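Reader: Got a minute to walk me through this one? I'd like the quick tour and then a few odd spots.

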Amino acid sequence: MKVTWGKRWTAAVVVAVVALAGCGAGGGGSAGGARPSGVPEVDTEHDLPELPLDRYEFSRRDYDRQEAATLRLTQACMKSYGFADFPLHWREHDTTMSNVAVATMISTTLTGTLDLDQARRVGYGVDGDALKEYRERRSSKGRLVTRDESEVLRGVDKALHGSSKVNGREVPDGGCSQRGARQLWADVKDEPRMNGYVTKRRAVLDKAVATDRRMRRALDEWADCVEDKGFKRYASPEAAFRDKAWRRGGDGRTARTGRERDTAVADIACKREHNTVGVWWAVAAEKQRYDISRHQASYDAVRADLERVRAVVRRALTQRPPA
């Protein structure tokens, strides 16, 4: 399993099996069940080349930079309302008095995880130590926001309290924190398209890769291998991950029985032996290229909006911090 911290600087923890999502759909496929061309050898996540659709979505680095830019813009906004010492990093709860609420979402993909060390330790469950570390890091960073700062930072409910003014200026909707986030997206032409188009295409394409003859054959080879090692036969690594026998709890943790951990290890060993993920990548890349060629204008429009956000982020991160 891999812990992936939430997108768009939310406080949620998104715990996911290695995100080998992507996959292609309709058209662009080879005849019959022949092995696809250009198959990379994939033993670990680091062996995976970029997929064609990756160019049309924000990367992890993009989200990190957006979070950093939002903090800079928020700080500038707070200082403009007279809070001269408002910090770049802040928190709103004293963690010695309350627990930090963390949402956990469990997901996997057709090919599942490639993290052998983690499979040995936690099987198909969440790494509780990594989750605890994230909670502690997230909840202790920065100084506490004061009551006066909070009104400007978060704004007030205008339906209940009407408008709010500080130093003769009206507090923006959602406060300075939301204003900072909105500034990053101000130049975007079509936000729903930018955020949703590629996600929807991936959902369609995922299904097509799963039913592609070459992928089905690769999964059959993987299933034979797992079964030959003395474990249950599964239709795919995703099905192995979702086996109810692992007794997954609401926090994503499983029972971590010897059987579970051994199955997870066999799952990854068989993917390596048969290069299951390499075949998946080749089929996915082929179909994604075809999909992009069919919908080039829409993909180009999405990419143009991504670049608009990146431009604002660059300006925010390179401008002189407020005095």
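**A few odd spots, then the tour**

Author: Arginine 256 comes out as partly exposed, because its relative accessibility is 30%. The model is a predicted one, by the way.

Reader: Ok, and where is arginine 256 found?

Author: Arginine 256 is in the loop between α9 and α10. Its phi is positive, near 55°, and the residue isn't a glycine.

Reader: Why bring up the sign?

Author: Most residues other than glycine have a negative phi. Arginine 247 is another case, with a positive phi near 55°. Arginine 247 also belongs to the loop between α9 (237-241) and α10 (258-274).

Reader: Is arginine 247 buried or exposed?

Author: Exposed, because its relative accessibility is 57%.

Reader: Let's back up. How many helices and strands does the chain have?

Author: There are 12 helices and 7 strands. The chain runs to 323 residues, and 44% of them are buried. About 16400 Å² is exposed, with carbon and sulfur atoms supplying 49% of that.

Reader: And what share of the contacts is long-range, say 24 or more positions apart?

Author: Counting contacts with a separation of 6 or more, 80% are between residues at least 24 positions apart.

Reader: What does the pLDDT look like?

Author: The chain averages 84, and 78% of the residues score at least 70. Over residues 95-104 the pLDDT is below 50, and that stretch has 13 contacts beyond near neighbours in sequence. Residues 1-26 stay under 50 too, yet the model gives them 110 contacts beyond four places in sequence.

Reader: Noted. Helices next: how does the span of α1 compare with what's expected?

Author: It agrees: α1 has 21 residues and should span 30 Å at 1.5 Å a residue, and its end C-alpha atoms are 31 Å apart.

Reader: Which residues of α1 are buried?

Author: Quite a list, including Asp62, Tyr63, Gln66, Arg72, Cys77 and Met78. There's also an unbroken run in the list, Ala69, Thr70, Leu71, Arg72, Leu73, Thr74 and Gln75.

Reader: What do the buried residues of α1 pack against?

Author: They pack against β3 (90-91), α4 (147-154), α6 (175-184) and α12. After the helix comes glycine 82, with a positive phi near 100°.

Reader: Now α7. How far does α7 reach from its first C-alpha to its last?

Author: α7 covers residues 191-211 and reaches 32 Å, close to the 30 Å expected for its 21 residues. There's a kink of about 30° in α7, centred on tyrosine 197.

Reader: Is tyrosine 197 buried or not, and what else in α7 is buried?

Author: Tyr197 is buried, and others in α7 that are buried include Met194, Gly196, Val198, Arg201 and Leu205. An α-helix has 3.6 residues a turn, so residues three or four places apart point the same way. The buried residues of α7 pack against α8 (213-228), α11 (276-294) and α12 (296-318).

Reader: What's happening at the start of α7?

Author: A side-chain oxygen of aspartate 190 comes within 3.0 Å of the backbone nitrogen of arginine 193.

Reader: You mentioned α8. What about arginine 214 there?

Author: Arginine 214 lies in helix α8 and counts as buried, because its relative accessible area is 2%. Its side chain makes a polar contact with the side chain of glutamate 286, at 3.0 Å.

Reader: Switching again: where does proline 40 sit?

Author: Proline 40 is in the loop between β2 (13-16) and α1 (60-80). Proline 40 counts as buried, because its relative accessibility is 15%.

Reader: What is proline 40 in contact with?

Author: Beyond neighbours within four places in sequence, proline 40 contacts Pro49, Asn275, Gly278 and Trp281. Its C-alpha is also 7.4 Å from that of alanine 282, 242 residues apart along the chain.

Reader: Last one. Where is alanine 235, and is it buried or exposed?

Author: Alanine 235 is in the loop between α8 and α9, and it counts as exposed because its relative accessible area is 62%. Setting aside neighbours within four places in sequence, alanine 235 is in contact with Leu219 and Trp222.

Notes: Residues are numbered from 1 along each chain as its sequence is written. Side-chain values use heavy atoms; hydrogens and water are left out. Helices (H or I, at least four residues) and strands (E, at least two) are DSSP runs, numbered from the N terminus. Buried means under 20% relative accessible area, exposed over 50%, partly exposed in between (1.4 Å probe, protein chains only). Contact means heavy atoms within 4.5 Å. The expected span of a helix is 1.5 Å times one less than its number of residues. The bend at a residue is the angle between axes fitted to the seven residues ending there and the seven starting there. A polar contact is a pair of N or O atoms within 3.5 Å; within protein, one must be able to donate a hydrogen and the other to accept it, and residues adjacent in sequence count only if both atoms are side-chain atoms. Accessible areas come from the Shrake-Rupley method with a 1.4 Å probe; for residues, only the protein chains shown count as cover. pLDDT is the predictor's confidence in each residue, from 0 to 100.
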